[in-house]
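Colleague: I have a structure open and would like to talk through its aromatic side chains and its cysteines. Could you take me through them?

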Amino acid sequence: PIDQTVGTDHHVFSIIGANMSESYGDVIIVLDPCIMQHPDFNMSISAATSYPTKRTFFHRPWAALGKVINYEPVMGGMTYVEEGNLASSTCGIQDFSHCDVDEVLDVIRDGAMVQLDEEAAIDFFHKSKLHPSVADWEKVIAQDLALQCRLFLMSKRKVDPWVDSVTSHLRDDFINNILKGRTPTVSDITCDIVKHWYTLINSHGCVEGHLPQFVPLDYIDKIVMPESSYKLIKKELRACRLGSGRLLDDMVVSLSATGQDFQCAAREWQRDFFQRRVSLPQYASGMQIEARAFSFGLEGMKGEEVFLPLRMTVPQRGFAVRFRAKGQHIRLSFLSEMQDSRQVPLHQCPNMYLAVIGAFKNSKTFLKRNNTSGGPVCVEASRTTNPTAMAWPDCYRDYWITFDAQVGSFRIGHGGRESLDDASKVLLQWQDPEPHQDLQYIAVSCWCTPLSFAMLKHMDPQEAMNTS
């Protein structure tokens, strides 16, 4: 199966934004954007399957890192345009759908033809996956979508009969009615035009979200379905209460239409919903939604480390980490190498700092330069000397850790981003006379009891101070 070939067979597929495809049934589940913070989440700018079939390079030729030639996608397969034979069929296209996939696309780099086979195309997919924890991810996606829209509306490519099946009329309408026959320019492709185009394309041309294997029902925001279907399962929905206290029934949006009329109504509802949601203050400003963050839970790790899929890019300057956690014995390791440091002998331990909040039944918080039981402790606080420095086992609390690698200042504090430079919010601090300047990786762990991270976000120190 194609999903096994690409490596997405352990993910739940989703669309970032409105899903306008009619081929996936009559129930649409809208999820809270916070699901994107999960470490196992990632997204690709077009469907994962469009990489081995190379369809993505037709819509996004810049992704091939070279000039794309001899390729057009069709409904049932691939076609190959052979130079000198453009008049060999009614559309000027020869059908080569029976050919090997690496024969339907050529790429020219530095004036020479290079082969882009299936393996290379899949490698492109994995290297282009994005996660919201990465800085400026939204700008990368916005730029790519804008370029795709320009390529299409400015008639820089042919129509794809599958992905452009609904938008094929949009280009003619845009040129003839909006521009009155004038040749489009870049300035004509406004943000509103891009958004309108995005809500019309086939879902396989949209940004595809790859969710973790298990998605809790608590992440559901809305459930859209025909009213006739809702009546059949209303009793079951009312009987299902989520952890937040909400009923599944409270999230249902039932539409009276059926069949094709329901699909049209559902598309209109999605357009209106996402337009309204993006205009809300918490989404428009980005202040209340931690878009660049992780969200996950741990239990029974007993110190075994789990590395987060990120790398600190300015280790010579240090780092800042903000997180919202519920539980005790919170362990964060900051390391120079991506290798487990638990019980590694001191003389073999990589450069690291280990920050632990609420260890030993929430009686101690400490900082070490190792992860060895009984190893030297740099600084610690106890429940007796500083009860504020202990963890909150039964409710969420905001924490932060900052490290200035230039002067060796390491601080653990509590509160939101506005408290990063507030000395009264510091729980524990230490000055390292020989500060590490090569820390690139972050690992998390706990001991026996459950630990829940509602948000974990990494920033470089300068960014942290600028946003406080």
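Modeller: One definition before we start: a residue counts as buried when its relative accessible area is under 20%. Please also keep in mind that this is a predicted model.

Colleague: Fine. How many aromatic pairs are there?

Modeller: The count comes to 17 aromatic pairs. One of them joins F57 and F124, and because their ring planes stand at 80°, with the centres 5.6 Å apart, the pair is edge-to-face. That pair links distant parts of the chain, since F57 sits in helix α2 (residues 55-59) and F124 in helix α3 (residues 118-128), 67 residues apart.

Colleague: Is F124 buried or exposed?

Modeller: F124 has a relative accessibility of 19%, so it counts as buried, given that the cut-off is under 20%. Its partner F57 is buried too, with a relative accessible area of 1%.

Colleague: And what about F403 and F410, how are their rings arranged?

Modeller: F403 and F410 form a tilted pair, with 5.8 Å from centre to centre and 45° between the planes. F403 is buried at 2% relative accessibility, and F410 is at 1%, so it counts as buried as well. Both belong to one aromatic cluster, together with F319, F334 and Y353.

Colleague: Changing topic: how many disulfides?

Modeller: The count is 0 disulfides. As for individual cysteines, C149 is buried at 0% relative accessibility, whereas C34 is partly exposed, with a relative accessible area of 26%.

Conventions
Residues numbered from 1 in each chain as written. Predicted model: local features only at pLDDT ≥ 70, side-chain atom pairs only at ≥ 80, totals over all residues. Heavy atoms only, no water. Phe/Tyr/Trp six-rings, centres within 6.5 Å; stacked < 30°, edge-to-face > 60°. Helix = DSSP H or I, 4+ residues; strand = E, 2+ residues; numbered from the N terminus. Buried < 20%, exposed > 50% of the residue type's maximum accessible area, 1.4 Å probe, protein only. Disulfide = S-S within 2.5 Å.
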